[in-house]
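Trainee: I would like to learn how to read a structure feature by feature. Could we work through one together?

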Amino acid sequence: MQRFPDAVYFDLLKTNMLERFRKRPALLRELLQDSLDNTLIIIDEIQQVPDLLNEVHWLISNKNLRFVLCGSSARKLKRSGDNTLGGRAVPCYLYPLVSGEIPDFNLERALTNGMLPRHYMVSNASHRLRAYIDVYLKEELQQEAIVRNLQGFSRFLEVAAISNGEIVNYQNVATDCGISANTVKEYFNILQDTLIGYMMPAYVKTLKRRVIQSPRFYFFDVGVANYLLGRSELKAGTIEYGHAFEHFVIQELRAYVGYHNQAHPLRQIKMSYWRTYSGIEVDVVLGDAEIALEIKSATEIQSKHLKGLQAFSEEYPSARLVVVSLDEFSRRIGPVENLYIYDFLNVLWDGKFM
């Protein structure tokens, strides 16, 4: 509302408004049919009343009105089978906060709390994270009848958190959860449809080495993964800290790539990872092997940290090689650029990295 102070705003989280529109979706047309051309209307949580999309369709076509339709469950709209406004709507995705949006950005707070606004802004977000997970499980998923076996799904979330940033193996997860591999696959689809998680594909265009082709799974926010894993206090130098650091950098990159691709539909950037069957890997590949990026929480980058990038360079000699780290001295180490995390974030959100 700060960005569009003159817009007409409907908040479907308000119970009285929600119930009126559920009973009579045509009420929206009655309220807006006398609006001026190009009037902007914002409807928040549109998935609560999918039938409103028919009214939106009519108002766009006949009254030349503009709409911003916000929601937290793409899955519910898909399942409803209602009007998807084909050809009249452009899908846009909002990500958690990014470092470039926060004055005096604090890396340690981001790694621990995550980047959801209400979580990042407090010193200890554990209670808010617990409420977020519990409410989402008990209210959103249960109300939508997505998951019948809620206890099994809760166990799946815990195992999925352990698998965060790892290559997906449905059978292994199924064994740990005591459910079928098909159910696990459906549960991962649920997390993607509800925007709780996403798959990063493997980069499979190879000349010499045999590479893994299965995707990696990530939760959409490092704070959510921390809560599910019971990571409340992260200490630099530990494996847990390294995992959170890697997740955070990938989260920032995913947001940058997502916003770039939404703004430039004809200049899409692909984001993937690369891993050979022998275990050599690169955390992120951008474009068609244009940039290979490793993420290291080390405070001093040495040659041992660069083996994956060196192997990638043998396969793709024209690739730009980058390591993002906690080493404060940004510099070139042979063909590899070391970027201190804060330097990396600055050039990324200044639009100077790619």
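Trainee: What percentage of the 354 residues in the chain do buried residues make up?

Mentor: This is a predicted model, so the values are computed from its atoms. Buried here means under 20% relative accessible area. By that cut-off, 47% of the 354 residues are buried. The accessible surface of the chain is about 18700 Å², and carbon and sulfur atoms hold 49% of that area.

Trainee: What radius of gyration would a compact globule with 354 residues have, and what does the chain have?

Mentor: A compact globule with 354 residues would have a radius of gyration near 20 Å; the chain has 22 Å, which agrees. The C-alpha trace spans about 70 × 45 × 45 Å along its principal axes. For contacts with a separation of 6 or more, 63% are between residues 24 or more positions apart.

Trainee: How many helices and strands does the chain have?

Mentor: The secondary structure comes to 14 helices and 11 strands. To read a sheet, take the strand order, then the edges, then the pairing. One open sheet has 3 strands in the order β1-β2-β3, with parallel pairing. Its edges are β1 (8-11) and β3 (66-70); each has a single partner strand, so one side of each lacks a neighbour in the sheet. From one strand to the next, the twist averages 15°.

Trainee: Which residue in β3 does Ile 41 stand opposite?

Mentor: Ile 41 stands opposite Phe 67. The parallel pairing of β2 (residues 40-44) with β3 runs over 5 bridges. Helix α3 (residues 52-63) packs on this sheet and touches β2 and β3, its direction making about 160° with that of β3.

Trainee: In what order do the 6 strands of the other open sheet lie?

Mentor: The order is β6-β7-β8-β9-β11-β10, and the pairing is mixed. Here β6 (271-275) and β10 (331-333) are the edge strands; each has a single partner, so one side of each is left without a neighbour in the sheet. The twist averages 30° from one strand to the next. Within the sheet, β8 (residues 291-295) and β9 (residues 320-325) pair in the parallel sense over 5 bridges, and Glu 294 has Val 323 in β9 as its bridge partner.

Trainee: Which strands does helix α14 lie across?

Mentor: Helix α14 (residues 341-349) lies across β8, β9 and β11 (336-340), at about 95° to β11.

Trainee: How many disulfides does a search of the whole structure find?

Mentor: A disulfide is a covalent bond between the sulfur atoms of two cysteines. The search finds 0. Cys 70 is in no disulfide, and its nearest cysteine sulfur, in Cys 92, is 10.0 Å away. That distance is too far for a bond.

Trainee: Are Cys 70 and Cys 92 buried or exposed?

Mentor: Cys 70 counts as partly exposed because its relative accessibility is 28%. Cys 92 is exposed, with a relative accessible area of 58%.

Trainee: What is phi of Glu 45 near?

Mentor: Most residues other than glycine have a negative phi. Phi of Glu 45 is near 65°, a positive value. Glu 45 sits in the loop between β2 and α3 and, at 12% relative accessibility, counts as buried.

Trainee: Where is Leu 195 placed?

Mentor: Leu 195 is in the loop between α10 (181-193) and β4 (197-200). Its phi is also positive, near 65°. At 36% relative accessibility, Leu 195 counts as partly exposed.

Technical notes:
Residues numbered from 1 in each chain as written. Predicted model: local features only at pLDDT ≥ 70, side-chain atom pairs only at ≥ 80, totals over all residues. Heavy atoms only, no water. Pairing = 2+ DSSP bridges. Helix = DSSP H or I, 4+ residues; strand = E, 2+ residues; numbered from the N terminus. Axes fitted to C-alpha atoms, helices over the stretch in contact; angles between N-to-C directions. Contact = heavy atoms within 4.5 Å. Disulfide = S-S within 2.5 Å. Buried < 20%, exposed > 50% of the residue type's maximum accessible area, 1.4 Å probe, protein only. Rg over C-alpha atoms; globule rule 2.2 N^0.38 Å. Areas by Shrake-Rupley, 256 points an atom, 1.4 Å probe, with all protein chains shown as cover.
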